[in-house]
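This report walks through selected features of a predicted model. Please keep the sequence and the structure in view while reading.

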Amino acid sequence: VKEMAHNDLFKKVTRYKIPTKRMLDQDFVTRFMAFYLLGYENYKPDLDNFMNTCLEKIKEGEISDDTIATMKEDFSKSMILAEKIFGDDAFRKRESKNDKRRPINKAYFEVIAVSFAHLSKINCDKLLANKDPFKGLLMDEMRNNKSYNNSFSGGTGRRESVRLRFTKFNEIIEKVLKQK
């Protein structure tokens with residue numbers, strides 16, 4: 001967790017805005033690890049228990065070193081892609097291009113980081129080539145789907161919220177990947 005929290009790509013894409021003082025950076029990374037390794041489909045509230053279960057599985061050797069190594073590579077890949085697609089707005093919820101800048105959102109971070117981490121190189125390239133339509137669809141969904149929007153701000157640890165935000169986000173990715 002510490003190693004990934006100190007990842008230069010993670011720090012750069014979050015613009016060094018996630019404090020290390022109270023280990024908030026490690027909380028972001030642990031969320032990523034839990035959803036990446038255990039899957040949002042297997043999420044059961046509460047979030048702290050879910051993250052602790054993941055860390056226990058790692059500690060007990062239930063997750064292989066190869067899987068951990070792949071996860072670290074995929075984390076870096078997702079940070080690079082988030083930087084290239086969103087720039088200064090990575091992990092910040094937006095409903096329109098004119099929105100004032102908001103703080104980094106943990107729930108948005110976990111969805112973007114995990115979803116991007118699972119993409120193949122080809123699909124990363126395809127998504128990057130279509131970043132403007134992708135961002136437009138995301139903003140449309142945030143603006144027009146109140147349930148989706150709320151899944152990032154209220155009751156983020158509820159099972160329904162977790163499933164909704166991952167499902168919708170991945171549907172938008174798939175929609176963009178199917179274009180052209």
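## Glu-83 in helix 5

Glu-83 is a residue of helix 5. With a relative accessibility of 22%, Glu-83 counts as partly exposed, because the cut-off for buried is under 20% and that for exposed is over 50%. Leaving out residues up to four places away in sequence, Glu-83 touches Lys-12, Val-13 and Arg-15. A further long-range relation links Glu-83 with Leu-9, since the two are 74 residues apart in sequence while their C-alpha atoms lie 8.7 Å apart in space.

## Helix 5 against helix 7

Helix 5 spans residues 65–86 and helix 7 spans residues 121–129, and their axes come within 10 Å and cross at roughly 15°. Helix 5 is therefore roughly parallel to helix 7, and the crossing of the two is right-handed. On the side of helix 5 the contact is made by Lys-77, Leu-81, Lys-84 and Ile-85, while helix 7 contributes Cys-124, Leu-127 and Leu-128. By character, the residues of this contact between helix 5 and helix 7 divide into 5 nonpolar and 2 charged, with no polar ones.

## Helix 6 against helix 10

The second helix pair is formed by helix 6 (residues 106–117) and helix 10 (residues 159–178), whose axes come within 10 Å and cross at roughly 45°. That angle makes helix 6 oblique to helix 10, and the crossing of helix 6 with helix 10 is right-handed.

From helix 6, the residues Ala-107, Tyr-108, Glu-110, Val-111, Ile-112, Val-114, Ser-115 and Phe-116 meet Arg-165, Phe-166, Phe-169, Asn-170 and Ile-173 of helix 10. The contact of helix 6 with helix 10 comprises 9 nonpolar, 2 polar and 2 charged residues.

## The nonpolar core

In soluble globular proteins, nonpolar side chains tend to be buried together. In this model the largest nonpolar core has 57 residues, and those with the most contacts inside it are Phe-32, Phe-116, Leu-127, Phe-134 and Phe-169. Among these, Phe-116 and Phe-169 also take part in the contact of helix 6 with helix 10, whereas Leu-127 belongs to the contact of helix 5 with helix 7.

Which residues is Phe-134 in contact with, leaving aside its neighbours within four places in sequence? They are Ile-85, Phe-86, Phe-116, Leu-127, Phe-169, Ile-172, Ile-173 and Val-176.

## Ile-63 in a loop

Ile-63 is located in the loop between helix 4 (47–59) and helix 5. Its relative accessible area is 12%, so Ile-63 is buried. When neighbours within four places in sequence are set aside, Ile-63 is in contact with Leu-37, Cys-54, Lys-57, Ile-58 and Ile-68. By contrast with these contacts, the C-alpha atoms of Ile-63 and Asp-27, which are 36 residues apart along the chain, are separated by 20 Å.

## Backbone features in the loops

Pro-45 and Asp-46 are joined by a cis peptide bond, with omega of about 10°. Asp-46 sits in the loop between helix 3 (24–38) and helix 4.

Tyr-16, although not a glycine, has a positive phi of about 55°, and its place is in the loop between helix 2 (8–13) and helix 3. Phe-91, likewise not a glycine, has a positive phi of about 70° and is found in the loop between helix 5 and helix 6. Are these residues buried or exposed? Tyr-16 counts as exposed because its relative accessibility is 61%, whereas Phe-91, at 0% relative accessibility, counts as buried.

Notes:
Residues numbered from 1 in each chain as written. Predicted model: local features only at pLDDT ≥ 70, side-chain atom pairs only at ≥ 80, totals over all residues. Heavy atoms only, no water. Core = buried A, V, L, I, M, F, W, Y, C linked by side-chain atoms within 4.5 Å. Buried < 20%, exposed > 50% of the residue type's maximum accessible area, 1.4 Å probe, protein only. Contact = heavy atoms within 4.5 Å. Axes fitted to C-alpha atoms, helices over the stretch in contact; angles between N-to-C directions. Helix = DSSP H or I, 4+ residues; strand = E, 2+ residues; numbered from the N terminus. Parallel < 35°, antiparallel > 145°, perpendicular 65-115°, else oblique. Left-handed = near helix turned anticlockwise from the far one by under 90°. Nonpolar A, V, L, I, M, F, W, Y, C, P; charged D, E, K, R; others polar.
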